[in-house]
Structure formats: C-alpha cells, structure tokens
Amino acid sequence: MFVVILHLVALTLSWFIFENNRLYFIISEAFIIFSIVVAWQLYIQLLQPLKMLMQGVEAIKDRDFNVKFLSTGKHEMDQLIDVYNQMMDELRTERTRQEQQHFFLEKLIFTSPTGIIILDYDDNVQQINPKALQIINVAVEQVLKYPIDRLEHPLLLQIKHLRSGEAIVVKPDGINTYKIQKSHFIDRGFSRHFIMIEDLTTEILAAEKNVYGKVIRMMAHEVNNTVGPVNSIMQSALKTDQLWEGHRNNTLKDALQVAMDRNQNLNLFMRNFADLVKLPAANKKPVDLHHLVRSTATLMEIKAGEKQVEFEFRLADGPFIVSADEQQMEQVLINIVKNAIEAIETKGKVSFITLPHKRSLVIADTGKGIEEVNTSDLFSPFFSTKKDGQGIGLTLVREILTNHACDFSLKTSTEKQTEFTIVFH
C-alpha cells in the first residue's frame, strides 16, 4: 500500500510539473512505470520466503516432516531452505526413533514374563500386561482406570504399604511366591508409578528341592549305613538258640524284635523321603478322573470308616478325561483324602466335586479348617500341623502337581470347609 501511494503521488506531481512539457512528462511516466515494476519484483521476493516459511510452519503443525523445499538459486533464500530441510530431517529421524522405541517398549511390556502395572498421575491403573492379569486372575475391564489401592486382591493390597523404590516378597496362598516392586518415572515433568510383580515360585521350589534333596540323601546314607548292620546283629542274636537257653520268658527277645521293627520303619521313612527327591517325570496318558476319584475313595473307605467320615460324590455326568500319570495322580489324591480325613475329628464328610468346564477337581472336607498363620507353610518340606506328622504328604503333592503343570490351591471356603482345588491344563 505504501509503494502504491508513493507512485500515485509521483504520477500526480509529474503531471503538474511537466504539464507544459510533454516530453519530460512522458520520460517521468516511463521512469515511474519502471519503478513500479522493480518495486513489484522486490515485493514478490520479500513475500516468497515468508510464504515458504508459513508452509513449513503448517507442515510442522500437522506433524508432516516429509515436506522439503527445493533450492531457488538465490543465496539468502537457499540458506534458509537448507536450514529448514535439515531441521525437517532431524525431526523426521527423531520421530521415527521415538516410534520405534515406543513400539519396542510396548512389545517388551506385553511379552514380559514379569507382571507390569502402569499407573497414571492419580495412581489409577492405566496399563496392565497379560502376565499381571494372569497373576491376579481378573479381566482387564475390572482394573483399568480403577485406583490401585481400591482393588481387592491379596497381592495388590500389599502395594498400599510400599513406597517408590521398595520391594517385598509375599506368599499369599501358601503355594506361589511373588516379589512386588514399586518404582516411578517422570512423564512430562510429573512423577508416575509402576508396579512389577515377579513370580518366584519355580525358582524357589527348585532351590528348596535342591537343599532338602541334599539333606535327605545325607540322612538316608547315614541311616542306611547304621540300620543295616544293627539289624543284622540283632537278627543273628535272635537266631542263636544258645543265647536264649535257660530264659524263662522272652522279654528281651521281644524287645530286640521291636527294635528291629522300629529300624525297618525308620528305613522305610527315609526311603519315602528319598522317593520324593527322585520323583520321575510324569508319564502322561489320557485318564478318566472320575474313575480315579472313585477308586481312591474305595481305597480310603476303611480309614474313613474309623472316624465315621462319609464320602460325597458330586461328579459331572460322563467321563472326565485328563492328561496325567495315573500312578502319580492317585498318590496325590490319596494324600489329599488322607489329610482331609485326619482333619475331621469324628462324623464328617469329604466331598469330591468335578467341574469339567473349568477343568478342575475340588476335594472339600468338614474338618477344623486351616489356621491363617499356617497358610504360607502348608507346602513347605518337613512342615506339619499334626503331632506326629512328617511334613512329606503335601510336599509330594506339590511336586507331582508341579510336574503335571497343574494349578492348585488349598484354602478354607466361606462355608468353613477346607477345599483343595486342582486345575488341569
């Protein structure tokens, strides 16, 4: 507008100055026209970089980092274009790198063998990976966008007492062991928390088995080395008639026989422990679980009758086929039923319940239940709540079910019944 007004003033003045001299008027008019053309060219050259700059700004707003400008042949303009093109290349490379890192992080979280729960700024669950869902056994809709401290789960309840950077090892069901760790990261200038839940069950079981395996082998070696010769000496003494001539009663002889029997029981006791360590791999075959349950109940009927314990069968219709080692699974059922009978003082009931749609077997008893203080130690080697218990039954059950890759739990239900649940896969 300024250039247009300036040239209009020049045209008007040239008319008044050179009104009587047409030649000078024409020359001045030609000069003014030339000035207008030059001014227009300068205007175009001034606006072109600004237009290109605005196009670049719009591309950056749209996050389109593929827009680049070609050189114009003008030094100043080409310098601006080179700087812009370099900036776009850097932005495009950085965005690609960030997208790759984000994809890698998402993939790492999704496939991680550790349960990961990521919280938002208000400690609501924003993201949870499949392993964490498997551990806490809930659907993703039940946890997303919910405050972490309001989720009712034994593991998640432990998180309330953790501060960032702290870790705790818990055994909520007496079988599985988990390490829970809470930490934080900075997102857009603000702190956000995340929780990692690591399943230590397999490692701890392997370490326990290795430790008590060494102890049992050492004990078995020492006991066998002692019991064998001692029994041999006592047996020789019992068979030597000259030693017993003139004795009016056989009290000493009976005592030696009792000692031999006790030695044999001790030998059998150590052999049972040794068998626990040498448990063979499961020879899995299709087995009808209903048939196995009924045959085990038949085997345990006499022991149940001694306490007036009844068996109740709530089995689904038809066969229930599972893949299992029949002998080892029978040993599992015998130990569970034996414990259930012993937990009942008198006149009780042991129930066998199968749920084929859940691939599970539940053995429930009306005994005295499980004290909460003992829950975490029930499957530990050598632990027993019984006066003369050896602490081997449930340890053997744990080892066999672990070899079969079965999930299992032992708890007291709301009906005050002790329930042992086995889930077959």
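This passage walks through the overall make-up of the protein, its aromatic pairs, two ring–charge contacts and a nonpolar surface patch.

The model is a predicted one. Its secondary structure amounts to 11 helices and 12 strands. The protein has 425 residues, and 35% of them count as buried. Among contacts with a separation of 6 or more, 54% join residues that stand 24 or more positions apart. The accessible surface is about 27200 Å², and carbon and sulfur atoms account for 57% of that surface.

Turning to the aromatic side chains, a pair of rings is described by how far apart the centres are and by the angle of the planes. The count of aromatic pairs in the protein is 7. One of them joins Phe-185 and Phe-194, whose ring centres are 6.1 Å apart and whose planes stand at 45 degrees, a tilted arrangement. Phe-185 has a relative accessible area of 31%, so this residue is classed as partly exposed, given that the class lies between the 20% limit for buried and the 50% limit for exposed.

Another pair is made by Phe-408 and Phe-420, with 6.4 Å between the ring centres. Their planes are at 5 degrees, and therefore the pair is stacked, the cut-off for stacking being under 30 degrees. Phe-408 belongs to strand β11 (residues 407–412) and Phe-420 to strand β12 (residues 418–423), so the pair ties together parts that are 12 residues apart in sequence. Both of these phenylalanines, Phe-408 and Phe-420, are buried. Elsewhere, a single aromatic cluster is formed by Phe-311, Phe-313 and Phe-352.

Aromatic rings also meet charged side chains. Phe-313, already noted as a member of the cluster, has the charged end of Arg-294 over its ring, 4.8 Å from the ring centre. Similarly, Arg-192 lies over the face of Tyr-121, and here the distance from the ring centre is 5.6 Å.

Finally, the surface carries a nonpolar patch made up of Met-1, Ile-5, Val-9, Leu-13 and Ile-17. Together these residues offer about 550 Å² of accessible area. Within the patch, Met-1 sits in the segment that precedes helix α1 (2–17). The relative accessibility of Met-1 is 75%, and Met-1 therefore counts as exposed, because that class begins over 50%.

Notes. Residues are numbered from 1 along each chain as its sequence is written. This is a predicted model: local features need pLDDT of at least 70, side-chain atom pairs count only at pLDDT 80 or more; totals for chains, interfaces and linings use all residues. Side-chain values use heavy atoms; hydrogens and water are left out. Rings of Phe, Tyr and Trp (its six-membered ring) pair if their centres lie within 6.5 Å; planes under 30 degrees apart count as stacked, over 60 as edge-to-face and the rest as tilted. Buried means under 20% relative accessible area, exposed over 50%, partly exposed in between (1.4 Å probe, protein chains only). Helices (H or I, at least four residues) and strands (E, at least two) are DSSP runs, numbered from the N terminus. A charge sits over a ring if NZ of Lys or CZ of Arg is within 6 Å of the ring centre and within 35 degrees of the ring normal. Patches are made of residues with over 30% relative accessible area and no salt bridge: like charges are joined within 9 Å, nonpolar side chains (Val, Leu, Ile, Met, Phe, Trp, Tyr) within 5 Å. Accessible areas come from the Shrake-Rupley method with a 1.4 Å probe; for residues, only the protein chains shown count as cover. A salt bridge is a side-chain nitrogen of Lys or Arg within 4 Å of a carboxyl oxygen of Asp or Glu. Contact means heavy atoms within 4.5 Å.
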